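User: I would like a close look at one part of this model, namely its aromatic side chains. Please keep the account plain.

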Amino acid sequence: MSSSTALSGRGSRLAALVVGLCWLAVLFDGLDMFIYGSVLPHMLEQKALGITPGQAGDLGSYATFGMLVGALTSGTVADRIGRKKLMVACVALFSLASGLCAVSGSVTVFGLGRTIAGVGLGGLLPTAISMVTDYARGGRGALTVGALMTAHHAGGTLSAYVAKWLVEPVGWRAAFWVCVTPLLFVPVLARAMPESLSFLVAKGRADEARALAARYEVELPAAPARKEGADRWAALAGLFRGGEWIQTLLYWLASFGGLLLVYGVATWLPTLMRGEGYNLGSALTFVVLFNLGGIVGMLVAGRASDRFGAPRVSAIWFALTAAGVFLLSVHMPPALTFTVVFLTGVFLNSAQTMIYATVSIRSNAGNRATAVGWTSGMGRFGAVFGPWLGGQLLAADRGDWGFTAFALAGVSSMVFIGIAALRTRKDPARNSPRQDLLAAS
């Protein structure tokens with residue numbers, strides 16, 4: 001066997017190790033994120049902790065607010081302590097926070113647990129994406145990140161089964177105890193996960209980086225160009241120069257509506273389907289189909305975007321999502337309802353990614369990361385608003401308007417991204433890495 005073949009084989013095994021560990025971490029992330037929506041119908045029915053529909057919406061928003069904090073701070077923290085340590089800390093944090101939810105005796109303590117869990121959930125995903133990107137084999141970065149993103153929806157699918165098997169016979173607390181079990185994975189992650197080579201090189205820890213690269217027989221990455229704070233603020237200001245402010249606001253508004261729709265539906269789908277007359281088992285089956293659709297959507301969205309253009313696909317995807325969400329308010333035969341839920345999951349969970357694709361393609365290399373990052377950040381406010389909106393509608397006894405309200409959010413995103421697409425196009429950046437787009441979601 002030649003030395004190059006041996007190096008390639010060792011490098012492939014290292015990539016598989018990192019991707020496998022990150023995939024499991026993101027699976028637990030998805031389980032913890034979706035478990036609240038899966039157990040919520042039971043909690044409301046049993047009046048657990050004295051929870052009301054309005055409070056239920058607030059609690060859903062607490063987690064997404066925590067995710068906003070975690071996502072915005074993860075980059076800074078990772079630059080200080082390393083990506084591996086941050087991943088370990090995030091898994092431990094949201095697992096322990098689920099334990100707090102399991103033992104909570106009041107809505108206040110439960111809400112604190114969900115907020116803390118959100119910080120860990122928001123910090124893990126972008127860090128895991130950075131890790132797999134760092135170790136992905138040449139030319140397979142987008143494929144690797146796309147595969148990683150399926151773990152989040154696999155976790156959502158798992159949450160439905162956990163709720164279906166445990167909530168009725170044992171109670172809602174058992175579901176949150178299951179979400180504590182990733183603590184068993186923490187020592188495995190701490191021991192088996194290598195540190196990011198890019199982090200070691202950027203920190204000037206050349207000896208550690210060379211030792212790690214030699215152990216796994218992989219090449220050292222080039223030292224990254226350091227970007228000063230003034231440059232970052234200049235890149236942000238560039239998003240508003242001339243007529244660019246209109247385009248920037250259109251992207252931000254589209255992202256706000258998109259994430260409102262994603263997290264609003266993720267939180268309230270089982271409860272709203274119960275309101276449409278389905279039993280708990282059927283309502284949780286919809287969660288499974290919705291997340292299976294998300295897995296399929298993540299795998300096909302990039303190909304559709306490459307072929308037909310990200311702005312066009314994003315607008316069409318949001319239109320189809322809005323139609324699907326609205327149809328869920330109409331009583332249909334079960335087989336047709338299952339099909340609509342699955343297809344809605346396909347389009348909804350990848351439509352938002354296409355917004356990031358559009359932003360990246362139409363941004364120049366100097367401010368692409370800033371443009372995508374801020375579009376994602378502004379969208380996170382929609383993620384906070386969506387669960388709250390569903391709770392307010394139920395509290396006002398207007399739960400039948402829930403699907404309509406979320407469908408209107410999809411229509412608004414379709415309009416905003418469509419207008420942005422019709423404005424003067426920039427030359428697409430042919431070398432824009434798709435992993436940057438997925439990382440923002």
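Which residues form one aromatic cluster?

Analyst: The model is a predicted one. In it, one aromatic cluster is formed by Tyr36, Phe110, Trp172 and Phe176. A search of the whole structure finds ten aromatic pairs. One of them joins two members of the cluster: the ring centres of Phe110 and Trp172 are 5.7 Å apart and the planes are at 75°, so this pair is edge-to-face, the label for angles over 60 degrees. Phe110 belongs to helix 4 (residues 107-135) and Trp172 to helix 6 (residues 172-178), so the contact ties together parts that are 62 residues apart in sequence. Phe110 and Trp172 are both buried.

A second pair is made by Tyr161 and Trp165. Their ring centres lie 5.3 Å apart with the planes at 35°, so the pair is tilted. Tyr161 and Trp165 sit in helix 5 (residues 141-170), four residues apart, which is about one turn of the helix. As for accessibility, Tyr161 is partly exposed because its relative value is 32%, while Trp165, at 58%, counts as exposed; the cut-off for exposed is over 50%.

Aromatic side chains also occur in a nonpolar surface patch of about 410 Å², where Phe240 and Trp245 are joined by Ile246, Leu249 and Leu253. Of these, Leu249 lies in helix 11 (residues 244-275) and is partly exposed, with a relative accessible area of 34%.

Notes
Residues numbered from 1 in each chain as written. Predicted model: local features only at pLDDT ≥ 70, side-chain atom pairs only at ≥ 80, totals over all residues. Heavy atoms only, no water. Patch = residues over 30% accessible without salt bridge, like charges linked within 9 Å, V, L, I, M, F, W, Y side chains within 5 Å. Areas by Shrake-Rupley, 256 points an atom, 1.4 Å probe, with all protein chains shown as cover. Salt bridge = Lys/Arg side-chain N within 4 Å of Asp/Glu carboxyl O. Helix = DSSP H or I, 4+ residues; strand = E, 2+ residues; numbered from the N terminus. Buried < 20%, exposed > 50% of the residue type's maximum accessible area, 1.4 Å probe, protein only. Phe/Tyr/Trp six-rings, centres within 6.5 Å; stacked < 30°, edge-to-face > 60°.
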